[in-house]
Each structure stands twice: as structure tokens, then as C-alpha cells.
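Here is a short tour to read alongside the model on your screen. Take a moment to turn it around before reading on.

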Amino acid sequence: MRGDYYFEYTECDSTGSRWRVAIPQRPGECTGLPDPVQGTDCTFSCEAGEFLEMSAQECTQCAAGSYSLGSGIRFEEWDDIPPGFSSVATYLDNTPHGQEGPSCNGSSWIAQGSYVESNRDECSVSLVYAVHLKKQGSISFDYQYVDNNIFFEFFIQNDQCQEMEKTSDQKWMKLTSSGQWSKHTVSLKSGANVLYWRTTGVTVGAKVVKPVLLKNIQIEGVAYMSECLPCKPGTFSKAPGSSSCELCPINTYSGRGASSCTPCNTSSHYALEGSTMCKARPACSKKDYFQIHSVCDEEGKTQIIYKWIEPKICLEDASDAVTLPPSGKREPCPPCNPGFYNNNTATCLPCPQGTYSDGLKECQPCPAGTEPALGYEYKWWNILPANIKSSCFNVANTKCDGMNGWEVAGDHIRSGAGGSDNDYLILNLKVPGFRLPTSISGTSGTEFGRITFVFETICSADCELYFMMDTDRRSTSVVESWEGSKEKQSYTHIMTKNASVSYTWAFQRTNQAKDVRQYINDMVKMYSITVTNALDGVASSCRACAIESQQPGSACVPCPAGYYIDEETNQCQECPPNTFLSGHHVYGRDACQPCGPGSRSNKEHSLCFNDCSFTYLELNQTLQFDFSPLGFTGSFMNGPSFTSKGTKYYHLFNISLCGLEGHRPAVCSDNVTDLSDKDPHSAESNSVEAFVCQSTVIPSDGRGFRVALTSQSTGLADSFLGATIEKSLNGVAARPELFPTTPRRIPDINFYYRSPQTTSSCENGRNTVVTLRCNPEKNAKGEISVPRECPAGTCDGCTFHFLWESSSACPRCTEADYHQIEGACKGGVQDTVYVWTEPRLCTGGVALPVKKSMSCEMIDFWLKVGAGVGAFCAVLLISLTCYVWNKNKKLEFKYSKLVMSANKECELPAADSCAIMEGEGDGEEVEDEVVYSKPSLLRKLKAIATKGNEQSSEAVQLKSSQAERWVWG
């Protein structure tokens, strides 16, 4: 029977032919199958709205309630992952020390009804679909990719798992605006094509990543469709041969394969566009209406008007329903915004060119010597300005399409009600370009304009406000975002490129889709938006300009670069040396601000820079430093660090110490979200240029990527403040305690930088301090490090500290850094050599003098010997003389004592009384013990008379009637 089998084509042969064969529904349970017949050509295909009826092998129109793409297939229903798709999860295998990372078994792409959503964790998850094309075709899909903490790539492989001819800079998807969808189309070759949508989350910070969303995947080139696809619930196709299905209108619904939509009983039920069923209407509440102000009338009054949120789904006659408050209460209109005037009418009109107004007075021409200060200054919100648009968008439905995302409220503009709590409420401001004032149009500054807005958020859930920017209609990027409730505050963004720009604010109450409204009272209030130097702006005031001459009516003229406007003459005057013009304020001598220590200005006086040199006076000694070897960009990669799930990443810092006369050659690029940019300096390139910049690097090892991935590039130092040994400069403080020092006499030198761009966490911008330390043990390029206590380079997230140790950070050598050593005279020559004083704490500078040789006089060898012998003899003779003299003195002393003792009694001593032989008593110096008798006077005289005739020895007998005693002389 016909229902027991179905037809299919065989594979095409080398001639491009194929056969139609019958295949039983249950193999082996039926016989008598039709014989194979010649099939259609392999490249044969039906038109859109048709399918190939296999029995007759002819194209047949689809019936009502179904559709066909002819030679393509479309996936637009995502209640479940469609057949043929698979979600494959792997973990980035780079955990430390080979540890096993967390399981990714639960990570997958998730069907969300009208779209499919990627994973939110750090697993690498691929959505895979394999298709065999009979001819060349294409694939297109809509995607939303707003978070650069996710790496999103789309690539194609053949049946041998080889990536098709597709360069790596084309497979990375570009970021989209919050709430906006982008379409991506890629050509496909005939044969097997395996399609991969792969995402990898990198939760380096504390933020939860926002997933990638996909919908409307359409593949062309499948040659034929054997049957039509039924319309999904909530859609219909009323005519045969349809190539698509339409959404059911409001208050109607449909099931699968519907050719028409069924209306609801609107008195008790409702249905939004594209509904699959009718829902009961709830009682009206305060969440179902909102308040607006009417346009000012001729009397300068505005009416307060209350409106139901459209589409209205609530019942007013329910028992507990609230009624709509009465409209019509009149209030005075807010004044016109600066630069506008109503001229006694109900409409505020911009002031004519060359005039200005504060919004209260009539437009007046600028006085002589001044020019209008063009821009936008919106602070009164009776109606939306002409260049501001409001819209509402939801990624999953169209409930709020056509609604105003924001509503004016007099002194502020606030987010509207929307259709769901997860709607994106969009406010967009377009600026066609920027024009500098005439007086400074010749300057070479980097600021072309700035936008400043004052806002606050009032939230009870996880609301988020995005501020985005699209330059030259290339790609939208998120500049800053705020989560949760925020007090009234101001934010400023500086434009450094003269281009058309679209500023967008997107507010979302919650990212969780719910049918019941819970957070309708959560809102953001915008009090004022100010843009300077706008090309089509109006003037709220006039600014002084340089004039050609002092003659009345003289026109404004541009000042050359580096010139300011003299307050007395309004003539252009050049700034003094080593001063720079601050921003685009050029009026008055005070506009020329002095450069910081260790810096000088460029020729245009637009900035200050360091020429890689530094001079320091210490203890009457001048130390000169040459940092040229460090002037080129130095890189430092710290880590590795690991996220909460173990993903390894590094922080890469590029440092340009001196720059190129103030230009910032250190570049950090994002090679994931903008690989399609060949030129890193192009307007669309997602890269930053600064003195110091930072990127997050995820290594390529073990993750299936061929190159390391860099993301989250940030500039940390946009301007140079100065170089000094002091511990602070212009409010930026160095922290020497973070880098313990060694007892060297060479001081550390601190280079100070600032990035004025504010962030939600750094209200005063970011600062950077690079400390240069003399270390002779390092090479000329040196080594960069960060504090051990703050491995990310910063302890507070706003001020970054780096230590650069190098021999090039030592002062240049001078004559005081070496000393001379004189050698001995050899062969009539004496050498003098020069050596560095250790430890050597200098580099470059003066070189060591070469060795010097001088002639010297040499004494004959035997003369030296004779002189030595003579000197020895003289010393010996002197020693002997002293010895004999000392011996003689001792003998005289002893003898005189004896004589005095004998004379005392007037008698000579007896010969046998005592005897002092020559040579005795040598050791006695002070006293001698003598025993004697008292002599008579006669004996003493005889002894004296016979003294000279005595021999070498003498004997004297001393007798005394007195007792024995010591004689001391």
C-alpha cells in the first residue's frame, strides 16, 4: 500500500544523475515496492512556496497553513532544540597543575521559544548542525551579542572535521547593541557542511555574563523540500504557495498549521500579537496607565494627560479595578532649553545662527569679539527634541514595538512603561559631527567635544542602564553601564575623533522574562543632557574669540596652534615655553598651564611629554638620567590568575614610558570581537592607545583555539603629568611601601600619568605611577613588576602601580664615579689605571680613561744594597751606644752611693766589709742592701786618696754601731 513506503533519492553519481527509490516504513514488512526510476537532476529545486511531490517528481504548491522556502529550510521555533541540532559542551582544559576542572555536562544552548540562548558559564559550548547541500548555498541567522565576556564564533567544517576555507578574522562575531539584532550571512559550498556556533564565557570579573541569542536560522541550497512546513502556533498562512507565515493580529490566536486566526472574546479575554491562546483580562491597576504632558499652548500652559498602556488588556469595570485619573490639569510650561526661544508661541525654536539665548530671553547676537558656543543643553523636557528618538524593544516578542520607551516629565525625562519588565527602553541622540570654535580650530588637541548627562535609577530588582556609542554607523559599543539603584550623578564622555556619532541609553528593568508585571515602577530619570561643539548645535552663550584687528566689526579668526587669546587685546599670543593649553579653553594667560616636573611641551603646546631624560641635584652633585632604552613599549604579563571555575587568564600591560613626543604608542587590541579589522587604527578597531594599557589574555593551550585570546582592553594612562622623586604629584600618590627598597643612594624616579575618562567605580578617572629603580644587575631593558599585595597592578581598581628595575634607570656616569690607582715603577715606567667605584651605580655617560704610563727614575741594585747595609750598621751602632751609656750610668749611680755612704761617717770602709765586683748588681736600679760599720774620718780620707790606685775590684768594710739599715741615697 502507498502508506507503507516513502520515496527518497539516491546519492548523485559522477554524471549528476540520481534514482528515486521506495523505502518501506518498517523494513521487511512489505513487498511489491515500486521499481526505482530515473530521478530529477541533482541541481533541480522548487521555487519558494513549493515542494517536490516525489510520486510525480513535480513541484507542488504548499497548502494554506504551511510554507516552504523551495530550496531552503528555516528554524524559527525554539520551544525545544530542533531535530538535527546538537549541543556539545567542553571545558577549557587549563586548570592549574593539571587539576580536573568542573564538569560541563549541564552546560548547553537553551531553547527560549522564539530564540535559543547560549550558556552563561565558562564552558565552551557548541550548537552544531550538519547539512548536505546539493548545490552552492548560504546560511543566515539573526544574533544578539552584547557581552564581551563571552567569545562568540561561527565556523564551518567539512565531513572530515576540517575547517572550511575561512580566515579566522571572519569567524568571530561582532558585538551588537543591547536589545538589537544583527544578521550574519555566509556562503556554503555544495556537499557536507557542519555548522558550529560556539561560545566561551570568561567571568574574570564578578559580573554575570549575558548570553548570546540566536533566531531565524535559514539555510539555502538543499535542492528540494519533500514536504511543506506547518505554520507555528501564533502564525498563519491564508493562501496556498506561501513562503512564510504571518503573526496573528492582536486579540486573535492560532494553533499549528493554521490558515487563519481565531478571534478572542474581547470583553473578557485578550491576546497579544502572535499569541497561541487567549488570556483573561485582569482588573486595571495603577501599573496600567502612565502620565504625560501635552505640548505647550499659546498661554504657556501644558496639560497633564493620563493614558492607558497600549495595548490595553485590563478591565475597568472589574470590582477592584482603578479608574483612569482625569486629564486636563494645566500647569505652566517649563522654559525653553538654552539656545531656544518660543517668541510668544507654543513652540520652542532654535536661535538663528550667530545668536544665543538662555531659553528665557529672546535670541540676541553675540557681542563683538565673541562667537556662539554651539552645542546642545537639554534640561527641560516638555517634548522630545528633534534629534532625540525613543523606542521600545524586546528580544522575544513584539509587545512593545511602536511604544515610546521614554516619557517627558517637565524637569526630567524618564523610562516608560513598556510592554514587559524585560523590555529594552531605548533613548537615542544623534550628533552629525563636531565643530571646534573658530579660535581653536587650528589647535592640535585631542578633544573635539564631550557629552555630559545627569541621571538616577530607582530599582527594586536587577535593573541595568547602558550607555552606548556608535561612531560613523559602524558598530555600537557599550561605553559604561550601571546596575541597580544609583543616586543622582553626572557622567561625562570625551570625544577624541571628529565623526558622526549616535549615543544610546538602554534601560532594562530585569533580564528575566515574566508574564506578570512586577517592576513597572522601576525607572531611570534623566535630568539633563549636554553636548559641546555639536555641528548643528545652538548657542546658550557666547565665548571670546581672537579678532583680526582692533577695528570695530572685526571678524573672529583662528589662533595658531599653541596660542591663547589675550584678555586685553583679544589678539592671539603664543604660550610661554613649557606650558600647554588645557583642553579647548584658550582665553586668557591662565589657559597656558605649566608642564609638570621633568617634562616639556611640544611645539603646538597641546601637551607635555618627557624626552626620556631626567636631572636631579643631590648633595651638590647633579645626577643625569637617560631612559632611552626604556622609551619604547615595554610589556608585562602577570599571573596566571584563575576565575572561580578555574579558567586561566593573564593581565597584559603595555607601557610606553616616554611616548613619541606626547603621542601614546602603547596599543592594546581586542582580537576576539574585532578580528575583521586589518588596521588597528581604523575607526572601527576595538583597540585602545595610551601610555599604559591593559588587556585580559586567555592562553591558547588546551582550549581548541589556535591563538591566544585578548579582550577587555582598557587605557590606564592618557596624559603625562610629570616625573619626579616626590611621592605625589597633582593628586596622584605613589606608594613606595608596595616596593621594598634596597639601601642604595640612587633615588627612585616616579612617572605619573592620568586617564580622565571616568567610570562607575572611578569617578575621577584612572591614574598610573611607573617607578623607575636603578638596578645594575638588570639589563638595559630591565624588568617590570607589580606589587605583591596587588597582583592585578592596582589595589583599589583606579590607581595602578608598576616598578621598572633596570640598569638604564641608573644615572649617567661622571668623573666622580671612578678613581685612579698608581702602579710601581718597573723598568723606568709607572702605570696609572682607572677603575669604577664599587658598587657601580651608573650607566653610559663618561667612559673610563685609558691606562696612563709615565717614566720614572730607577736606583742601582748594589747602591740599594749598600744603602741597606749602612742603614743597618747605623742602627746597630746607635743601639750599642745606648746600651753602654745606660750601663755606665748604672755603675756611676752605684758608686756614688757607696761614696756618699762612706763620707757620711768620715771613715773608709773595710776591705772585707762588702765587695762589689764588676758585673754584679746589673739588675739593681733603685736600691742596694749594704751592711757597714761606722767608719772614722781618717779612713774615709784614705779611701778617697787611694781610689784611683785600686784594682778592678775593691773591698770596703763598713762598721757601725747602729743597727743594719737600707741605704737609698
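A residue counts as partly exposed when its relative accessible area lies between the limits for buried, under 20%, and exposed, over 50%. Asp626, with a relative accessible area of 28%, is therefore partly exposed. We will come back to Asp626 and its partner below, once the overall picture is in place.

## The chain as a whole

Please keep in mind that this is a predicted model. The mean pLDDT of the chain is 80, and 82% of its residues reach 70 or more. Over residues 673-685, however, the pLDDT is below 50, and the model gives this stretch 30 contacts beyond near neighbours in sequence. Residues 948-969 also have a pLDDT under 50, with 55 contacts beyond four places in sequence. Where pLDDT is low, the predicted coordinates should not be read in detail.

The chain has 969 residues, and 45% of them count as buried. Its secondary structure comprises four helices and 68 strands. Among contacts with a separation of 6 or more, 67% are between residues 24 or more positions apart.

## The nonpolar core and a buried glutamate

Which residues have the most contacts inside the largest nonpolar core? They are Trp406, Leu429, Val431, Phe453, Tyr503 and Trp505, in a core of 41 residues. Phe453 makes a good place to zoom in. Leaving out residues up to four places away in sequence, Phe453 touches Phe467, Trp482, Gln489, Ser490, Tyr491, Trp505, Met526, Ser528 and Ile529.

Glu447 sits in the loop between strand 35 (424-431) and strand 36 (449-458). Is Glu447 buried or exposed? Its relative accessible area is 17%, so Glu447 is buried, the cut-off being under 20%. Glu447 and Thr496 lie 49 residues apart in sequence, yet their C-alpha atoms are 4.8 Å apart in space.

## Salt bridges

Eleven salt bridges are found in the whole structure. Three of them are listed here, with the distance between nitrogen and oxygen.

| Residue | Partner | N to O distance |
|---|---|---|
| Arg120 | Glu117 | 3.5 Å |
| Asp626 | Arg812 | 3.6 Å |
| Arg735 | Glu737 | 3.0 Å |

The pair of Asp626 and Arg812 links distant parts of the chain, with their positions 186 residues apart in the numbering. Asp626 belongs to strand 50 (residues 621-626), while Arg812 is in the loop between strand 63 (799-806) and strand 64 (818-826). Arg812 has a relative accessible area of 34%, so it is partly exposed, as is Asp626 at 28%.

In the pair of Arg120 and Glu117, Glu117 is buried because its relative accessibility is 9%. Arg120, at 33%, counts as partly exposed. Arg735, the partner of Glu737, is partly exposed too, with a relative accessibility of 34%.

## Sheets and a hairpin

Strands of a sheet pair through backbone hydrogen bonds, either parallel or antiparallel. Two open sheets are worth tracing on your screen.

One has five strands in the order 57-60-61-63-62, with mixed pairing. Which strands form its edges? They are strand 57 (719-724) and strand 62 (783-785), each pairing on one side only. Ignoring direction, neighbouring strands of this sheet are turned by 20 degrees against each other on average. Within the sheet, strand 60 (residues 749-755) and strand 61 (residues 766-774) run antiparallel and are joined by seven bridges. Ser755 has Arg766 of strand 61 as its bridge partner.

The other open sheet has three strands in the order 1-2-3, with antiparallel pairing. Strand 1 (5-9) and strand 3 (37-38) are its edge strands, each pairing on one side only. Strand 1 is joined by five bridges to strand 2 (residues 19-24), and the two run antiparallel. Opposite Phe7 stands Ala22 in strand 2.

Strand 4 (residues 50-53) and strand 5 (residues 58-61) also pair in the antiparallel sense, over four bridges. Phe51 stands opposite Thr60 in strand 5. Four residues lie between the strands of this hairpin, and Gln57 takes a positive phi near 55 degrees.

Notes: Residues numbered from 1 in each chain as written. Predicted model: local features only at pLDDT ≥ 70, side-chain atom pairs only at ≥ 80, totals over all residues. Heavy atoms only, no water. Core = buried A, V, L, I, M, F, W, Y, C linked by side-chain atoms within 4.5 Å. Buried < 20%, exposed > 50% of the residue type's maximum accessible area, 1.4 Å probe, protein only. Contact = heavy atoms within 4.5 Å. pLDDT = per-residue confidence, 0-100. Salt bridge = Lys/Arg side-chain N within 4 Å of Asp/Glu carboxyl O. Pairing = 2+ DSSP bridges. Axes fitted to C-alpha atoms, helices over the stretch in contact; angles between N-to-C directions.
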